[in-house]
Each structure stands twice: as structure tokens, then as C-alpha cells.
Amino acid sequence: MTKNVKTLVMAALFLALGLVLPFFTGQIPQIGSMLLPMHLPVFLCGLICGWQYGAVVGFVLPLFRYALFGMPPLLTAIAMAFELMTYGLLSGWLYNRSRWKCIIALYRSLLIAMVGGRVVWGIVRVLMTGVAGEPFTWQLFLSGALLTAIPGIILQLVFIPAVMFALDRTGLVRFTRSKAEENQQVG
């Protein structure tokens with residue numbers, strides 16, 4: 001199987017995971033909004049498959065979930081589409097541009113993507129205020145982007161590196177490099 005086909009299959013797997021994971025937390029909406037289950041596969045898709053796939057999977061995932069299951073609500077799905085697209089794009093682009101594939105590069109990519117995605121989400125919500133007819137205040141932004149999301153952010157910062165290390169051990173993803181590989185790249 002060629003590399004492009006493998007990448008496409010992996011991206012489809014992450015899309016499927018994003019469709020299914022919210023069912024595990026969706027029975028209690030407060031838990032689902034706190035653990036952010038759709039974010040995990042989008043970050044992993046961007047990191048493993050590349051920014052192009054991460055951006056596409058991130059954008060279509062909430063819209064597919066809305067079309068298939070009616071959740072999240074349409075206006076939320078639209079804002080999430082842009083947020084998740086930014087996650088997949090930034091995490092993949094920054095990580096793949098890193099000189100060394102290491103834990104520092106991974107965390108830097110994740111943290112910048114998290115901030116960027118939440119800023120994009122806030123901008124889209126402000127732009128949609130006129131459509132929805134409901135005000136979007138600074139307090140709503142802080143609550144939705146940070147305060148209620150703290151458990152999900154912690155989960156992402158623990159789970160995603162653990163998955164990347166596990167995939168590196170199996171040989172599916174090159175996450176770490178040996179000292180010889182690092183020296184060869186530098187020299």
C-alpha cells in the first residue's frame with residue numbers, strides 16, 4: 001500500500017473515531033463539553049497524517065456529526081468546524097516543521113494549536129452573533145474556551161503524547177529519534 005493510501009485510511013479512521021467518541025460522553029452533556037472527545041482524533045490526525053488531513057477532518061467532523069446525529073446543534077457545529085480545522089492545521093503544520101520530533105515539539109504544537117483554535121472559535125461565534133440573535137460576551141468566551149474545557153485540555157495534554165509514544169514504539173509513527181539520527185541530521 002502506498003504512503004498516500006495509508007495516510008488517507010488513517011485520516012478516515014480519525015474521522016470515524018471523532019464520530020464515535022462523543023457517544024461515550026454524550027449521555028451526560030456536561031461531561032462531553034468538559035472532555036472534548038472530538039478534539040482528540042483531530043489533533044492526532046494533524047500530527048500523524050499532516051496538516052492538510054488534520055484541517056479537513058477537523059472541519060468536516062462536527063458538520064458530519066450534526067448531519068448524522070443532530071449533535072452538536074448547527075450553530076455550535078459551524079463554530080466547532082472552524083475551531084477543529086485550526087487544531088488539525090496548526091498542530092500538524094507546526095509539528096511537521098519542527099527540526100526535531102520530540103516531546104517539546106509536540107507540546108509546543110499542541111499548545112499553540114489549542115490557543116489558535118479557541119481564538120478562531122471565539123471569532124466565529126462573534127461573527128455568528130447576528131445570525132443567532134444571542135449575544136456572545138467575554139464571559140461566554142472564557143467559560144466556553146477555557147473554564148469548562150480544563151478537564152479536556154488536561155486529557156489532551158496527557159493522552160495525545162501517550163498515544164504518540166505508543167505508536168512510536170510500534171513503528172507506526174516516528175515520534176522520537178535516536179542520538180545517531182539527530183547527529184546525522186545536524187551534521
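This is a short briefing on the protein shown above. It is a predicted model, where local features need pLDDT of at least 70 and side-chain atom pairs count only at pLDDT 80 or more, while totals for chains, interfaces and linings use all residues. Residues are numbered from 1 along each chain as its sequence is written, and side-chain values use heavy atoms, with hydrogens and water left out.

**The overall build**

- The protein has nine helices and zero strands, where helices (H or I, at least four residues) and strands (E, at least two) are DSSP runs numbered from the N terminus.
- Read from the N terminus on, the elements go α-α-α-α-α-α-α-α-α.
- Out of 187 residues, 40% count as buried; here, buried means under 20% relative accessible area, exposed means over 50%, and partly exposed is in between (1.4 Å probe, protein chains only).

**Helix α3 and what flanks it**

- How many residues of α3 are buried? Ten of the eleven are, so α3 is largely enclosed by the rest of the structure.
- Among those buried residues are His-39, Pro-41, Phe-43, Cys-45 and Cys-49.
- His-39 has just 4% relative accessibility, so it counts as buried. Its C-alpha is 8.7 Å from that of Gly-152, even though the two are 113 residues apart in sequence.
- Ahead of α3, Leu-36 sits in the loop between α2 (29-35) and α3. Phi of Leu-36 is positive, near 55°, and this residue is not a glycine. Leu-36 is also buried, at a relative accessible area of 12%.
- After α3 comes Gly-50, which has a positive phi too, near 115°. Gly-50 is in the loop between α3 and α4 and is buried, with a relative accessible area of 4%.
- Gly-50 and Asn-96 are 46 residues apart along the chain, yet their C-alpha atoms are separated by 7.2 Å.

**Helix α5 and its salt bridge**

- Side chains of opposite charge can pair when their charged atoms come close.
- How many salt bridges does a search of the whole structure find? It finds one, with a salt bridge being a side-chain nitrogen of Lys or Arg within 4 Å of a carboxyl oxygen of Asp or Glu.
- The partners are Arg-118 and Glu-83, and their closest N and O atoms are 3.5 Å apart. The pair links distant parts of the chain, as Arg-118 is in helix α6 (residues 103-132) and Glu-83 is in helix α5, 35 residues apart.
- Are the two partners buried or exposed? Arg-118 is at 8% relative accessibility, so it counts as buried, and Glu-83 is buried with a relative accessible area of 6%.
- Tyr-95 is also in helix α5, and it is buried, at a relative accessible area of 2%. The C-alpha atoms of Tyr-95 and Leu-110 are separated by 8.5 Å, with the two residues 15 apart along the chain.

**The bend between α4 and α5**

- Which residues does a cis peptide bond join? Met-71 and Pro-72 are the pair, with omega at about -5°.
- Pro-72 belongs to the loop between α4 and α5.

**A nonpolar patch on the surface**

- Val-20, Phe-23, Phe-24, Phe-64, Leu-68 and Phe-69 make up a nonpolar patch with about 630 Å² of accessible area together.
- Patches are built from residues with over 30% relative accessible area and no salt bridge, with like charges joined within 9 Å and nonpolar side chains (Val, Leu, Ile, Met, Phe, Trp, Tyr) within 5 Å. Accessible areas come from the Shrake-Rupley method with a 1.4 Å probe, and for residues only the protein chains shown count as cover.
- Helices α1 (3-25) and α4 (51-69) each supply at least two residues of this patch.
- Leu-68, in helix α4, is exposed, with a relative accessible area of 56%.

**The second largest pocket**

- This pocket has a volume of about 540 Å³. A volume is the space filled by probe spheres set on grid points, which are joined across faces, edges and corners.
- A pocket is an open set of points on a 1 Å grid over the protein atoms alone, where a 1.4 Å probe fits, with protein on both sides within 12 Å along at least five of seven lines; lining residues have an atom within 4 Å of a point.
- The lining has 17 residues, with Lys-3, Thr-7, Ile-48, Cys-49 and Leu-172 nearest the centre.
- α1 gives the most to this lining, with five residues.
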